[in-house]
Amino acid sequence: MAKVLITGGAGFIGSNLAHALVDNNEITIVDDLSMGKKKNIEDIDVKFYEHDVCDHEFMHQLLSKNKFDYIYYLAAVSSVADSVVRPLETHQVNQESVLDTLEYIRVNKLPIKRFLFTSSAAVYGNLPDFPKKETSHVQPLTPYAIDKYASERFTIDYGHLYDLPTVAVRFFNVYGPRQNPDSPYSGVLSIITKCMKNNKPFILYGDGSQTRDFVYVGDVVNALIKISTETKESTVYNIADGGETPLIDVIHTYEDISGIKLNINYKENRNGDITKSKADITKLKGIGFEPSWPLRSGLKKYWDYYSKL
Ligand code: NAD
Ligand code: UD1
């Protein structure tokens with residue numbers, strides 16, 4: 001049984017990862033529940049600390065006491081728009097806490113098997129080259145993207161400079177069960193799902209022509225496990241489906257699946273919003289990964305889950 005720490009493990013992706021790992025691992029979760037929910041993990045056997053990862057003393061004690069084999073670093077303020085409103089606060093968690101953890105591991109020579117940091121497609125910005133490869137130029141346009149890029153570089157360079165077993169991933173737009181829909185900054189598909197179920201109006205920022213590479217959370221979890229356990233290099237991987245869909249088309253497909261017409265109110269584009277996003281996942285496929293849930297079947301699975309809650 002490996003000892004696994006998931007920061008942000010009560011959140012959307014972290015809790016799905018915990019469910020996938022819990023049978024064969026001893027799992028510890030740190031989450032301040034700012035976005036995560038206890039109910040996401042209450043049906044599994046994990047050690048849970050409701051705590052802020054920016055409390056360095058707390059994290060140091062936890063790390064030195066437990067000697068984790070695997071650390072999945074997912075705790076973050078995950079909203080791009082929120083980081084534009086609160087750049088300094090979001091920087092503390094999205095970058096400072098990551099660096100502090102890496103530094104504590106380095107200085108104390110903690111015997112980790114892998115430290116995995118979760119970065120974002122947001123680092124690519126609005127440059128015109130598509131699809132985005134891991135080697136494409138980056139253009140971080142928001143505090144969120146700047147912090148993700150910096151933390152990703154720290155993660156990889158701690159691998160190269162100090163021989164720590166690190167790796168970073170860039171998620172594109174992840175959707176599926178347990179994504180918290182209750183904040184105006186929540187992921188768009190969780191908000192749409194909730195609006196559909198409760199027959200509430202949905203605010204669409206822009207005209208819906210912005211594209212995203214939506215990837216189902218089940219695929220993301222499988223990719224995270226594969227990368228952390230089956231690769232060795234300190235490098236970065238895109239995690240995505242490899243498709244590109246305008247938001248308005250996603251809405252139409254979802255309406256078709258649910259049989260419910262979404263009531264849309266249009267508003268101006270959000271500040272810093274990316275207009276186009278699509279991943280090249282050749283590198284991920286190179287380690288034997290294939291996405292299992294294309295958009296339509298992922299949306300169906302999500303709707304089946306949510307409509308029964
Ligand atoms: P999420 O908001 O559901 O999960 C993040 C978790 O971190 C939440 O449970 C939140 O309560 C917790 N958290 C926030 N600040 C904290 C703090 N100071 N101390 C302790 N816990 C704290 O978001 P998610 O979609 O599950 O994202 C997980 C990771 O993946 C994040 O790092 C996010 O930036 C990254 N990411 C997500 C997506 C996506 O599409 N969902 C895409 C790219 C990158
Ligand atoms: C998302 C993730 C971010 C990740 C990035 C990677 C969340 C909250 N954000 O950001 O962590 O790093 O993908 O690609 O998970 N929109 C609306 N109405 C709404 C909400 C959103 O029209 O109520 C629009 C947005 O303006 C945007 C699109 O939907 O154009 C997607 O928004 P969002 O789900 O917040 O995702 P990203 O900003 O792409």
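# Notebook: unusual backbone spots, two ligands and a helix pair

I began with Arg178, and I found this residue in the loop between β7 (173-175) and α6 (188-198). I kept in mind throughout that I was reading a predicted model. The phi of Arg178 is near 75 degrees, which is a positive value in a residue other than glycine. I noted this because most residues other than glycine have a negative phi. I then looked up how much of Arg178 is open to the outside, and I recorded a relative accessible area of 21%, so Arg178 is partly exposed.

I next turned to Leu33, which is not a glycine and yet has a positive phi of about 60 degrees. I located Leu33 in the loop between β2 (25-31) and β3 (47-50). Its relative accessible area is 22%, and Leu33 is therefore entered as partly exposed.

I also looked up the peptide bonds, and I found a cis bond joining Phe130 and Pro131, with omega about -10 degrees. I wrote this one down because most peptide bonds are trans. I placed Pro131 in the loop between β5 (114-120) and α5 (143-162).

**Ligand 1**

Which residues come nearest to ligand 1? I found 28 residues around this ligand, and the nearest of them are Ile13, Asp31, Asp52, Tyr144 and Lys148. For Lys148 I noted a polar side-chain atom 2.8 Å from an oxygen atom of ligand 1. I also recorded that a backbone N or O atom of Gly11 lies 3.1 Å from an oxygen atom of the ligand, and that an N or O atom in the side chain of Thr118 is 3.3 Å from an oxygen atom of ligand 1.

**Ligand 2**

Around ligand 2 I found 23 residues, of which Ser78, Ser120, Tyr144, Val188 and Asp273 come nearest. I noted a polar side-chain atom of Asp273 at 2.6 Å from an oxygen atom of ligand 2, while a nitrogen atom of the ligand is 2.7 Å from a polar backbone atom of Ile203. In the side chain of Gln210, I found an N or O atom 2.9 Å from an oxygen atom of ligand 2. I marked Tyr144 in my notes, as this residue is listed among those nearest to ligand 1 and also among those nearest to ligand 2.

**Asn94 and Asp55**

Is Asn94 buried or exposed? I looked for this residue in helix α4 (residues 87-107), and I recorded a relative accessibility of 1%, so Asn94 counts as buried. Leaving out residues up to four places away in sequence, I found that Asn94 touches Ala76, Val77, Phe117, Tyr144, Asp147 and Ser151.

I found Asp55 in the loop between β3 and α2 (56-66), and I entered Asp55 as partly exposed because its relative accessibility is 30%. From Asp55 to Asp100 I counted 45 residues in sequence, and the C-alpha to C-alpha distance is 10.0 Å.

**Helices α1 and α7**

I finished with helix α1 (residues 12-21) and helix α7 (residues 217-230), whose axes come within 10 Å and cross at roughly 65 degrees. I noted that the crossing of α1 and α7 is right-handed. Where the two helices meet, α1 brings Phe12, Ile13, Asn16, Leu17, Ala20 and Leu21, and α7 brings Val217, Val220, Val221, Leu224 and Ile225. I sorted the residues of this contact by kind, and they come to 10 nonpolar, one polar and no charged.

Terms used
Residues numbered from 1 in each chain as written. Chains lettered and ligands numbered in written order. Predicted model: local features only at pLDDT ≥ 70, side-chain atom pairs only at ≥ 80, totals over all residues. Heavy atoms only, no water. Axes fitted to C-alpha atoms, helices over the stretch in contact; angles between N-to-C directions. Helix = DSSP H or I, 4+ residues; strand = E, 2+ residues; numbered from the N terminus. Left-handed = near helix turned anticlockwise from the far one by under 90°. Contact = heavy atoms within 4.5 Å. Nonpolar A, V, L, I, M, F, W, Y, C, P; charged D, E, K, R; others polar. Buried < 20%, exposed > 50% of the residue type's maximum accessible area, 1.4 Å probe, protein only. Near = heavy atom within 4 Å. Polar contact = N/O pair within 3.5 Å; in protein donor to acceptor, adjacent residues only side chain to side chain.
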